[in-house]
Amino acid sequence: GPEGTAVLTVDDLAVHFGGIKAVDGVTLDLARGKVSGILGPNGSGKSTLLGAITRLTPLTRGSFRFEGQDYSHVRPEEVAKLGIGRTFQTVRLLDDLTVRENVQLGHDLIAGSRPWWRRPDSADREAADAAVTRALERTGLAGKEGLRPGQLSYGLQRRVEIARAIVMSPKLLLLDEPTAGMNRFEREEIGKLMSDLRSEGLTQLIVEHDVAMMVDVCDHLFAMNSGQLIASGTPTDVVRDPAVREAYLGK
Ligand code: ADP
Ligand code: MG
């Protein structure tokens with residue numbers, strides 16, 4: 001679809017854990033080809049929102065659509081096939097596998113889009129290898145592919161996660177605190193990677209505490225507090241919003 005139309009729409013989403021209203025009535029649109037960000041203090045419901053829209057966390061109420069299609073009740077395995085890739089707040093890599101094998105796993109997630117009766121042939125394997133190689137190159141991991149995640153710095157492990165998410169050529173990439181635990185240099189590199197992916201037209205939603213970086217990288221910002229959306233707009237408008245400052249700086 002054309003740039004600027006919504007790729008993802010979330011309508012009155014709520015996720016309650018017993019009495020905890022982790023997400024409590026969030027409605028938002030993600031514009032195609034743009035980088036959107038979510039700011040908010042710890043515990044404001046950002047990760048739960050990402051969990052819900054990737055179907056890992058059951059919803060209490062509400063719905064969401066991707067490319068106009070309601071997928072609020074699909075199985076979690078279907079989400080990757082729809083074209084939604086994600087990374088997690090805490091790195092989830094398999095330490096018995098090499099970097100390359102970890103990225104290959106991301107590709108295998110969507111390999112099921114081949115007709116079930118057709119075995120992977122050499123052309124499929126070549127295409128998969130090429131996709132994995134390209135994802136490793138784009139994330140600056142060429143040369144590291146034979147190492148185990150445990151042998152890499154934390155910043156590089158997060159890159160492996162991003163490689164695993166982009167290897168399936170998603171239409172939407174969700175990143176939960178991609179620069180957490182990184183030094184300034186590593187953060188700048190990730191910011192550059194997000195900008196590169198944006199220039200290739202990849203729609204992104206990023207949860208991140210580094211406000212300066214979010215203002216640099218994002219086209220649009222949302223702010224959450226206590227499970228609710230408290231602001232939505234251009235990055236400069238949102239960071240100047242008194243409600244956002246209060247949520248961050250406290251009472
Ligand atoms: P954020 O990512 O913005 O830091 P979270 O979405 O992780 O916030 O958490 C929002 C709220 O929901 C917090 O109060 C958290 O303790 C609670 N929460 C998150 N996941 C669960 C869960 N599985 N069970 C119970 N409470 C949860
Ligand atoms: Mg979180």
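**Exercise 1. Is V217 buried or exposed, judged by its C-beta neighbours inside 10 Å?**

Solution. Bear in mind from the start that this is a predicted model. Begin by locating the residue: V217 belongs to helix α7, which covers residues 211–217. Next, recall the cut-off, by which a residue is buried if 20 or more other C-beta atoms lie within 10 Å of its own. V217 has 21 C-beta neighbours inside 10 Å, and therefore it counts as buried. Then look at what V217 touches: leaving aside neighbours within four places in sequence, its contacts are V35, G191, M194 and S195. Finally, consider K192, which is 25 residues away from V217 along the chain, while the C-alpha atoms of the two are separated by 8.3 Å.

**Exercise 2. Describe how the protein is divided into domains, and work out what the contact between them is made of.**

Solution. The first step is to set out the division, in which domain 1 takes 1–83 + 170–251 and domain 2 takes 94–167. The centres of domain 1 and domain 2, taken over C-alpha atoms, are separated by 25 Å. The contact draws nine residues from domain 1 and eleven residues from domain 2. On the side of domain 1 that touches domain 2, the elements giving two or more residues are α2 (76–82) and α6 (184–199). Sorted by class, that side of domain 1 has six nonpolar, one polar and two charged residues.

**Exercise 3. Examine V79, a residue of helix α2, and place it among its surroundings.**

Solution. Start with burial: V79 has 22 other C-beta atoms within 10 Å, and so it is buried. Not counting residues up to four places away in sequence, V79 touches T54, R55, V74 and I84. As a last step, compare V79 with V160, from which it is 81 residues apart in sequence and 20 Å apart in space, C-alpha to C-alpha.

**Exercise 4. Characterise the shell of residues around ligand 1.**

Solution. First list the members, which are F17, I20, A22, G40, N42, G43, S44, G45, K46, S47 and T48. Second, assign them to elements: β2 (20–31) and α1 (46–53) are those that give two or more residues to the shell. The largest share, three residues, comes from α1. Third, sort by class, which gives three nonpolar, seven polar and one charged residues around ligand 1.

Helix α1 also holds L49, which can be treated in the manner of the earlier exercises. L49 counts as buried because it has 29 C-beta neighbours inside 10 Å. Setting aside neighbours within four places in sequence, L49 is in contact with V23 and V26.

**Exercise 5. Check the length of helix α4 (residues 122–138), and decide how its buried and exposed residues are arranged.**

Solution. Count the residues first: α4 has 17 of them, and the distance from its first C-alpha to its last is 24 Å, close to the 24 Å expected at 1.5 Å a residue. Next, pick out the buried residues of α4, namely V132, A135 and L136. These cover an arc of only 100° around the axis, and therefore they lie on the same side of α4. On the other side of the helix, S122, A123, E126 and A130 are exposed. To finish, look at what follows α4, where G140 has a positive phi, near 70°.

**Exercise 6. Repeat the length check for helix α5 (residues 154–166), and name its buried residues.**

Solution. At 1.5 Å a residue, the 13 residues of α5 should span 18 Å, and its end C-alpha atoms are 19 Å apart, which agrees. The buried residues of α5 are R158, R159, V160, E161, I162, A163, R164, A165 and I166.

**Exercise 7. Compare the settings of D12 and E67, for each of which phi is to be stated.**

Solution. As background, most residues other than glycine have a negative phi. D12, however, has a positive phi near 50°, and for E67 the value is likewise positive, near 50°. The next step is location: D12 lies in strand β1 (residues 6–17), whereas E67 is found in the loop between β4 (61–66) and β5 (69–70). The last step is exposure, where D12 has 12 other C-beta atoms within 10 Å and is therefore exposed, while E67 has 16 C-beta neighbours inside 10 Å and so counts as partly exposed.

How values were computed. Residues numbered from 1 in each chain as written. Chains lettered and ligands numbered in written order. Predicted model: local features only at pLDDT ≥ 70, side-chain atom pairs only at ≥ 80, totals over all residues. Domains from an automatic or database assignment. Contact = placed C-beta atoms within 7 Å. Helix = DSSP H or I, 4+ residues; strand = E, 2+ residues; numbered from the N terminus. Nonpolar A, V, L, I, M, F, W, Y, C, P; charged D, E, K, R; others polar. Near = placed C-beta within 6 Å. Expected span 1.5 Å × (residues − 1). Arc of directions from axis to C-beta.
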